[in-house]
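Welcome to my notebook. I keep these entries short, so follow along at your own pace.

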Amino acid sequence: MARKQFDLIVFDWDGTLMDSTATIVKCIQAAARDLGLPIPQDRAASYVIGLGLQEAMEAVLPKLDPKYYPRMVERYRYHYLTQDHELTLFDGVREMLTELSHDGYFLAVATGKSRVGLNRALDIAKLLSLFDATRCADETFSKPHPAMLQELTRELGQDMKRTVMIGDTTHDLQMAANAGAAGIAVRYGAHPAHELDALMPMYSAASVAELRDWLNQNA
């Protein structure tokens, strides 16, 4: 079947493929509690999901003495690593990715996770073999800088105009816009629908099933 629009489909990880938003929020809050710092509200903690860890901690508690940010990162990692083996993919993700791979699309991940964190997550989810390339925030610039998408397209020899970024945050959609790629929003993750819609994604999916159907018809 002839390609309609895209050759490379890039996914965010947390909140897009992995059902981890609530756990990340709780771990950010637990890290602040450990250090006796102000505990961010759920909304503030969920907003920084998708950024690199250091950038996320600076954004969620912007008025701290800078010495606290590395300690926040360390405590966050401690709490997250005690729970990440319990996290699951959203229903339908494995089937969607398998189908896209079999249909000949290049698949990639662009995430705010560290390389160690993403490799651990891919291994636990048994998805390593489905992705052609991945990029993490500790390897390059954090979202919404376009570097992750620029590097992925170069690595895979793909055209940015035939690349789509799929994510649950405004950081993902802004990165896509900054890179000159298309952007698709999913409304079941960290950022509210009205904030995603304000960035005018080409499509906004309320579920993995909706996303899969749209990709089958339009990608």
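How many cavities of 30 Å³ or more does the structure hold? I looked this up and found one. One thing to keep in mind from the start is that this is a predicted model.

**Entry 1: the cavity**

I asked for the volume of the largest cavity and got about 40 Å³ of space. Then I looked up its lining, which is made by M18, Y80, D84, L87, A121 and I124.

**Entry 2: the largest pocket**

Next I turned to the largest pocket, and its volume came out at about 400 Å³. I noted 24 residues in the lining of this pocket. Those that lie nearest its centre are L53, Y76, Y80, K113 and S114. I had already met Y80 in the lining of the largest cavity.

Which helices supply at least two residues each to the lining of the largest pocket? My list has α1 (21-34), α3 (53-60), α4 (68-81) and α6 (115-125).

**Entry 3: the sheet**

I then traced the strands and found an open sheet of six, with parallel pairing. Read across, the order is β3-β2-β1-β4-β5-β6. The strands at the edges are β3 (133-136) and β6 (203-205), and each has a single partner strand, so one side of each is left without a neighbour in the sheet. I also looked up the twist: neighbouring strands of this sheet are turned by 20° against each other on average, with direction ignored.

To see one pairing up close, I picked β5 (residues 182-186) and β6, which run parallel and are joined by three bridges. For I184, I found the bridge partner Y203 in β6.

**Entry 4: helices on the sheet**

What packs on this sheet? I wrote down two helices, beginning with α5 (residues 93-102), which touches β1 (8-11) and β2 (106-111). The direction of α5 makes about 160° with that of β1. My other note is on α10 (residues 208-218), which packs on the sheet and touches β1, β4 (163-167), β5 and β6. The direction of α10 makes about 145° with that of β6.

**Entry 5: a look at T153**

I stopped at T153, which sits in helix α7 (residues 147-156). Is T153 buried or exposed? Its relative accessible area is 6%, and buried means under 20%, so T153 counts as buried.

I checked what the side chain of T153 reaches, and found the backbone oxygen of L149 at 3.0 Å. A polar atom of the T153 side chain also lies 2.9 Å from the backbone oxygen of Q150. Leaving out residues up to four places away in sequence, I listed L8, Q158, M160 and T163 as residues that T153 touches.

**Entry 6: backbone notes from the loops**

I looked up the peptide bond that joins K143 and P144, and found that it is cis, with omega of about 10°. P144 belongs to the loop between β3 and α7.

Which residue in the loop between α6 and β3 caught my eye? I marked K126 there, and its phi is positive, about 55°, although K126 is not a glycine. K126 has 67% relative accessibility, and exposed means over 50%, so K126 counts as exposed.

My last stop was M200, in the loop between α9 (193-197) and β6. M200 is another residue other than glycine with a positive phi, near 55°. With a relative accessible area of 70%, M200 is exposed.

Methods:
Residues numbered from 1 in each chain as written. Predicted model: local features only at pLDDT ≥ 70, side-chain atom pairs only at ≥ 80, totals over all residues. Heavy atoms only, no water. Helix = DSSP H or I, 4+ residues; strand = E, 2+ residues; numbered from the N terminus. Buried < 20%, exposed > 50% of the residue type's maximum accessible area, 1.4 Å probe, protein only. Polar contact = N/O pair within 3.5 Å; in protein donor to acceptor, adjacent residues only side chain to side chain. Contact = heavy atoms within 4.5 Å. Pairing = 2+ DSSP bridges. Axes fitted to C-alpha atoms, helices over the stretch in contact; angles between N-to-C directions. 1 Å grid on protein atoms, 1.4 Å probe; cavity = no way out; pocket = protein on both sides within 12 Å on 5 of 7 lines; lining within 4 Å. Points joined across faces, edges and corners; volume = space filled by probe spheres on them.
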